[in-house]
Amino acid sequence: MSAEATNPATPGPVAPATPRRRSLPRIDLRRLGRAALLGSPSRGRLPDAIGHVVEAHRAHHPDADLEPLRRAYVLAESSHRGQMRKSGEPYITHPLAVTLILAELGAETTTLTASLLHDTVEDTDVTLDQVREQFGEEVRYLVDGVTKLEKVDYGAAAEPETFRKMLVATGSDVRVMSIKLADRLHNMRTLGVMRPEKQERIAKITRDFLIPLAERLGVQALKTELEDLVFAILHPEEYERTRELIVDNASRADDPLAEFADAMRAVLREAGIQAEVLIRTRHFVSVHRVSRKRGQLRGCDFGRLLVLVNEDADCYAVLGELHTCMTPVVSEFKDFIAVPKFNLYQSLHTAVAREDGQVAEVLIRTHQMHKVAEAGVVALGNPYVGPQEEQTREGAPADGDRLDGERADGERVDPTRPGWLSRLLAWQEAAPDTDTFWSTLREDLAQDREITVFRPDGGTLGLPEGATCVDAAYAQYGEDAHACIGARVNGRLATLSTVLRDGDTVQLLMGQDPASEPSREWLEHAHTPAARIAIQRWLATHPAPAEEDTGEAAEGRTGSAVRTDATETPAPAPAPDPTADTPLSRPDTAITVVGRPDAGVRLAGCCTPVPADEVTGFAVRGGVVTVHRAECAAVARMTDAGRAAVDVRWGDTTECRVTLVAESFGRPHLLADLTEAMALEGAEIVSATVEPPSQQRVRHTYTVQLPDAAHLPTLMRAMRNVPGVYDVSRAQHHASAS
């Protein structure tokens, strides 16, 4: 199906292998020409025009019921009769060619039936109701999924909205996109009859949308040929230079890849491993990329070696033999069997070198892995039915067909649906207009690498590479993520702007306030369309308050407003000097100095001791004794400096003043909620300061008066329970005391 899939050398297996079905020669669809112009077939007889399709289909599905194909061809041929393509060929050659592409990839009968009919509703008088009556709901759904919307109804939005319709249909049945990709491939093969400007426009749409979709669906055979066709149209000069490189290499007398292949066969034969060693020539775009990366190309750069085995364990056995008997390039090793790519791809990748510096890349996979690597979701047959059900349904939809991608027991069978496709379908629903959908889809499809992060409950989230905690929040909670206040990544507190890596464990911390709001700063860290669209939609319906607004509105913008009580009256207060001593303001004496009952006493502001704390004192200027908690850093410094400690003891009073530091994530209304919680515990806020947010974190410092020091643990616990607050501690400043 592509330059890369074509194998000029067909060496035999290393050892006698299990008998396999003879592979069919590749058919050049561009030479079908007028082969479809045959007389009307007799009823019940298979038309000769679809002989190539049947032969390819039987190679993958020898027991398939061909009656639906016969009836579909008869309907398509009669409906399209008289219509011609711009190339001058009868129009029926197009659905035949599209169907042959899918048949060669291994598509099942239902897909081929819909493929033969895919243009009938769009270009003829056939209706979807007729398709349903003759072929069942499943075929009708597939045909409807690839039918374009009318420009008369949608104008300039017809193409984007057709893509949206197709993607939604693909969400329920990925075979819709399989038919569309094959349709575009045949159109690209015959694009030369179009005007240059139209060729360029179609090639760009193919590059930006359909090639990424082919990659995500794992249909490499279609993707690589589409890439080459687009490359030839959009970059004709570079395409010609690349073609010359390939031609020059093919004319060389020696072929280092063939020599590597012979050496590998000998190694594997000696080890008793049944395997095929094939040479896969690179397609044009692949050669171009390698030439840009490495400059001067060598013989081994024009292809790779493919080793096919029967079992998964054999893959690792081959790897061990090659690394033992040849010189491995360790940096080139990748294990996509243990960790498959998000598009179903599985293989072991490695490279081996020889003394002259030639390096050969090697792909190791089973025959089934190779089938899936080439055909992707097409190789899965019908992913919406179980194996037993598919045997009974092949080519003939049963009553009550399910198109929701689930079995009767609710377990989804389609392996592509939970990942990128689910995310795409989720955000497209929220796209406010066609232009936003079209531009966002292009950006989303350009992200061709995916990571998997784990939730604490054992679930997983699939995200594009570069995603942040903001993206994870919206992927998991949708618009409820507006209430997200922070995250833990691998057990450590992290800001929402933290970029996630493959394999990270992410715990999202959610607030309880139903009126929670996303921050405008989140847009800078949102990498996925779902997150960006949700945040933008909220911001569009909640415009920023005017600059003269104060109080709660200002708090929502900056998170740095300061309040001194729970009434939400803005009253900025100067921050206390943490190194200064705070004189007692109570009429009774909380601390007494042993042997000097009349001495003046001050509680140190750096550690704000409260009754029951172990304390020590130091005499300062004026005969006043400053009292510190025993674990205060200032105590150690003054002791090391030779300062004599003074014996102090708590008196009978339990009233106290203490400074607390709260660490929180920034969110609207946090300050009001925090001060209210403190007031409910009987704390009188003497002074407070809130530092400007940094990395979406906010630091609050409160000096409070408590009627009883025994209430301090309860107060701190109540502060920690406020959504968004992740730590509360006693003030412990590292400043020197005098």
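Strand β1, residues 276-281, is where I shall begin: five of its six residues are buried, so the strand is largely enclosed by the rest of the structure. Its partner is strand β2, residues 303-309, and the two run antiparallel, joined over six bridges. Within that pairing, I279 has L305 of β2 as its bridge partner. As a reminder, strands of a sheet pair through backbone hydrogen bonds, in either a parallel or an antiparallel sense. Please bear in mind throughout that this is a predicted model.

Let me now place that strand in the whole chain. The secondary structure comes to 27 helices and 22 strands. Of the 738 residues in the protein chain, 51% are buried. As for the contacts with a separation of 6 or more, 69% of them are between residues 24 or more positions apart.

A second sheet deserves attention. In what order do its three strands lie? The order is β10-β9-β11, the sheet is open, and the pairing is antiparallel. Its edge strands are β10, at 492-494, and β11, at 506-510, each of which pairs on one side only. From one strand to the next, the twist averages 30°. Strand β9, residues 484-489, is joined to β10 over three bridges in the antiparallel sense. One residue pair there is R488, whose bridge partner in β10 is L493. Lying across β9 and β11 is helix α21, residues 469-477, which runs at about 75° to β11.

I turn next to the helices, beginning with α20, residues 434-446. With 13 residues at 1.5 Å a residue, this helix should span 18 Å, and its end C-alpha atoms are indeed 18 Å apart, so the two values agree. Which residues of α20 are buried? They are T434, F437, W438, T440, L441, D444 and L445. It is useful to recall here that an α-helix has 3.6 residues a turn, so residues three or four places apart point the same way.

Helix α13, residues 236-250, contains T242. This threonine is buried, with a relative accessible area of 3%. A polar atom of the T242 side chain lies 2.8 Å from the backbone oxygen of E238. Leaving aside residues up to four places away in sequence, T242 touches F231, F284, V287 and H288.

The charged residues form my last topic. The structure holds 36 salt bridges, and I have chosen several for discussion.

Consider R175 and E108, whose side chains meet in a salt bridge with an N to O distance of 3.4 Å. Why may this pair be said to tie together separate parts of the chain? R175 lies in helix α10, residues 175-189, whereas E108 lies in the loop between α3 (93-105) and α4 (109-116), so the salt bridge ties together parts that are 67 residues apart in sequence. Are these two residues buried or exposed? R175 counts as buried at 4% relative accessibility, and E108 counts as buried at 2%.

The pair K204 and E200 offers another setting. Their side chains meet in a salt bridge at 3.2 Å, N to O. Both belong to helix α11, residues 196-216, and being four residues apart there they are separated by about one helical turn. K204 is partly exposed, with a relative accessible area of 35%, and E200 is likewise partly exposed, at 36% relative accessibility.

A further salt bridge joins the side chains of E77 and R81, at 2.4 Å from N to O. E77 is buried, its relative accessible area being 11%.

Salt bridges may also be linked to one another. D129, R132, E137, R140, D144 and K165 are linked in a network of this kind.

Finally, I return to the neighbourhood of helix α11 in the sequence. R195 has its place in the loop between α10 and α11. At 53% relative accessibility, R195 counts as exposed, because the threshold for that class is over 50%. Its side chain makes a polar contact of 3.0 Å with the side chain of E197.

To close, I would set two residues side by side: R175, in helix α10, is buried at 4% relative accessibility, whereas R195, in the loop between α10 and α11, is exposed at 53%.

Note on methods
Residues numbered from 1 in each chain as written. Predicted model: local features only at pLDDT ≥ 70, side-chain atom pairs only at ≥ 80, totals over all residues. Heavy atoms only, no water. Pairing = 2+ DSSP bridges. Axes fitted to C-alpha atoms, helices over the stretch in contact; angles between N-to-C directions. Contact = heavy atoms within 4.5 Å. Salt bridge = Lys/Arg side-chain N within 4 Å of Asp/Glu carboxyl O. Buried < 20%, exposed > 50% of the residue type's maximum accessible area, 1.4 Å probe, protein only. Polar contact = N/O pair within 3.5 Å; in protein donor to acceptor, adjacent residues only side chain to side chain. Expected span 1.5 Å × (residues − 1).
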